[in-house]
Amino acid sequence: MRRLTLACCLGLVATAPLAAQREAWARPFPAHRVVGNLYAVGTYDLGVFLITSQDGHILINTGLEDSTVLIRENIQSLGFRLEDVKILLQMQAHWDHTAALAEIKQITGAEMWATAGDAPVLEDGGFCDPHFGGRASFTPVSVDKILADGDLIELGETRLMVLSASYQTRTHGG
């Protein structure tokens, strides 16, 4: 009985900070230009970024599963359209960065591009996530293109280079 009580108490302690964190992750925050054609379109405490071009846009991250409306409103407040997103990216394939990807992909028809390490996590809804896995934690999203270290992501005049932590360590010493 003591183990069960301790486990229940630990569960309550562990979920209390998550509930508070989730509130900050869902709290609206005004969209704004970061620099050049890079805009922050996420929430108070989760980074979602829009990179704009005349040939369409790149959306990086989506935040929680109910973030689509907020992201759409933030993009519109800047004078852009969610439907003009052509490429979806994420900085890490955890549910708090990816949970609205499937819905936004369906709305926009954008392609989901991901690294070989993140693709399986995205496609199984987070089940194989090494940190939060063991259950699906978001709607799976199919990956259209696998990215590797050094690849260029190109849309219009926008060029981004893929650098993973292992690539940075290998080439830059840290």
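**A seven-stranded mixed sheet and its helices**

A hairpin links strand β3 to strand β4, with 2 residues forming the connection. This is a good place to enter the structure, which is a predicted model. Across the hairpin, β3 and β4 pair in the antiparallel sense over 5 bridges, and F49 has I60 of β4 as its bridge partner. On its other pairing, β3 meets strand β2 (residues 38-40), again in the antiparallel sense, over 3 bridges. Here L38 stands opposite I51 in β3. Strand β3 itself spans residues 49-53, and 4 of its 5 residues are buried, so the rest of the structure largely encloses this strand.

Stepping back from the hairpin, the wider sheet comes into view. It is open and made of 7 strands, which follow one another in the order β1-β2-β3-β4-β5-β6-β7 with mixed pairing. At the edges lie β1 (32-35) and β7 (145-147), each of which pairs on one side only. From one strand to the next, the twist averages 30 degrees.

A parallel pairing is found between strand β5 (residues 85-89) and strand β6 (residues 111-115), which are joined by 2 bridges. Within this pair, I87 stands opposite E111 in β6. Helix α4 (residues 101-108) packs on the sheet, where it touches β4 (56-60), β5 and β6. The direction of α4 makes about 160 degrees with that of β5.

Helix α2 (residues 68-77) offers a nice view of how buried and exposed positions are arranged. Its buried residues include T68, L70, I71, N74 and I75. Viewed down the axis of α2, the buried residues fall within an arc of 165 degrees, so they line one face of the helix. The face turned away from this buried side carries V69 and S77, which are exposed. After α2 comes G79, a residue with a positive phi near 90 degrees.

A word on confidence helps in reading the picture above. The mean pLDDT of the chain is 82, and 82% of the residues reach 70 or more. Two stretches call for separate mention. Over residues 1-15, pLDDT stays under 50, and the model has 0 contacts beyond four places in sequence for this segment. Over residues 167-174, pLDDT likewise stays under 50, although the model has 6 contacts beyond four places in sequence for these residues.

Key: Residues are numbered from 1 along each chain as its sequence is written. This is a predicted model: local features need pLDDT of at least 70, side-chain atom pairs count only at pLDDT 80 or more; totals for chains, interfaces and linings use all residues. Side-chain values use heavy atoms; hydrogens and water are left out. pLDDT is the predictor's confidence in each residue, from 0 to 100. Contact means heavy atoms within 4.5 Å. Two strands pair if DSSP finds at least two bridges between them. Helices (H or I, at least four residues) and strands (E, at least two) are DSSP runs, numbered from the N terminus. Axes are lines fitted to C-alpha atoms, for helices over the stretch in contact, and angles run from 0 to 180 degrees between N-to-C directions. Buried means under 20% relative accessible area, exposed over 50%, partly exposed in between (1.4 Å probe, protein chains only). The arc is that of the directions from the helix axis to the C-beta atoms.
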